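Me: I would like a close look at a single part of this model, namely its salt bridges. Please set out how they are placed and how open their partners are to the surroundings.

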Amino acid sequence: MKALVLDKAYNYKVKDVELPILQDDEVLIEVKASGICTNDLRDYKGGSIYSLPRIGGHEYSGVIHSVGSKVNKKRFAIGKRAVAYIIPACGECYFCKRNEENLCEDVPSSKTFQNEGGISGFGGFAEYVAVKARDVYIYENEVPFEIMAMTEPLACVISSVNKCNVQFGDDVVIIGGGYMGLLHLLVAQRKGARVFLSEPDESRRKLAISYGCTAAFDPTKYDVVDEVKKLTDGRGAEVVFDTTSIAKVAQQAIEMTCPGGRCMLFSSIHPNTPIALDAGRVHSKEIEILGSVSPTVPTFNQAVLMLDKKIIDPEFLIHKVLPFTDVDLAFQEALKPDTFKVIMKFNS
Ligand SMILES: [Zn+2]
Ligand SMILES: [Zn+2]
């Protein structure tokens, strides 16, 4: 099969690699679409802490091509549309036993990340991927493969919104109007919140407004903490989602969270500079500061249902769809700061 193999920074090559050998309990997915994620970009730019060569791609969708001998052939019928939960959790460690497989102790040392002498990676930038049947989720409806490829990022956002326990009538601030920020907008709205956005790019602010955001500010022109307080009778917002990677912004996010509110630090922070924290206010105003990383099994399932039932339609967040053979162009597009999701097509 053909796969995109990253040998060194800025160097993805189309290569012939061996088709995965299917185990008894595995499903072979014929990949149709695969989204480029921020951490694929980090690997591409040479910031990877994972072993090379690497086949990235964890936001993929496709159809079932074949199944191992012990797989339920009715449930996982050949030709069905499918996506896969991509955390290679061990199922055995302290965190896995608490249903926190996104925090699994063994994941960082798994072959997905460290595979000396072999190819590391989630494998979604290839024509076929073999996955354990227990990690495969079926789409029952004819949802486009590009939309199905958004399951994993949407699941990350659902995890984040669930943790913040958004209530009907809450004020929510989203900091950063990129792909993940606007997915937060779509999900938070369905939880009955009034949503404000902080985003320097005017076209993104307009887009957010057109999708139901109540007000959007330019943080380069306004003090966003003040603006949020003005709109909330001086209280701040019940829930704040910081989707940027800037440490200083995390500090502001905490400052604009109202008493009793929750502040989600959603993104990884680069560079990870420590921030000043008003610990006294966190105590006396009962501010909850939360983190969220990767989807869990239930939130991945919720993302499948949200997209399969068309409860949300994030099609407007697709920037470009390109054949995987145009990998250089696809990564150039994805690296531009003002683009949303770039998706590569396989087997089309
Ligand atoms: Zn991702
Ligand atoms: Zn584990």
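Reply: What follows goes through the salt bridges and then turns to the two annotated domains and a charged patch.

The model is predicted, so that local features need pLDDT of at least 70 and side-chain atom pairs count only at pLDDT 80 or more, while totals for chains, interfaces and linings use all residues. Residues are numbered from 1 along each chain as its sequence is written, and side-chain values use heavy atoms, with hydrogens and water left out.

With a salt bridge taken as a side-chain nitrogen of Lys or Arg within 4 Å of a carboxyl oxygen of Asp or Glu, the count comes to 19 salt bridges. One of them joins Asp-25 to Lys-132, whose closest N and O atoms are 3.2 Å apart. Because Asp-25 lies in the loop between strand E2 (11-16) and strand E3 (26-35), whereas Lys-132 belongs to strand E6 (residues 128-132), this pair ties together parts that are 107 residues apart in sequence; strands here are DSSP runs of E with at least two residues, and helices are runs of H or I with at least four, numbered from the N terminus. Asp-25 is partly exposed at a relative accessible area of 35%, and Lys-132 is also partly exposed, at 27%, where buried means under 20% relative accessible area, exposed over 50% and partly exposed in between (1.4 Å probe, protein chains only). Asp-25 and Lys-132 further belong to a network of salt bridges that includes Glu-26.

Two other pairs can be set beside this one. Lys-32 and Glu-30 meet through their side chains at 3.2 Å, N to O, and both residues are buried. In the pair formed by Lys-336 and Glu-333 the closest N and O atoms are 2.8 Å apart; Lys-336 is partly exposed at 40% relative accessibility, whereas Glu-333 is buried, with a relative accessible area of 9%.

As for the wider setting, an unreviewed UniProt entry places the feature "domain: Alcohol dehydrogenase-like N-terminal" at residues 24-137, although such annotations may be inferred rather than shown by experiment. The span of residues 24-137 is 6% helix and 26% strand, and its end C-alpha atoms lie 18 Å apart. UniProt, again in an unreviewed entry, lists "domain: Alcohol dehydrogenase-like C-terminal" at residues 181-305, a stretch that is 41% helix and 22% strand, with end C-alpha atoms 20 Å apart. His-184 is found in helix H4 (residues 179-190) and is buried at 0% relative accessibility.

Notes. Chains lettered and ligands numbered in written order.
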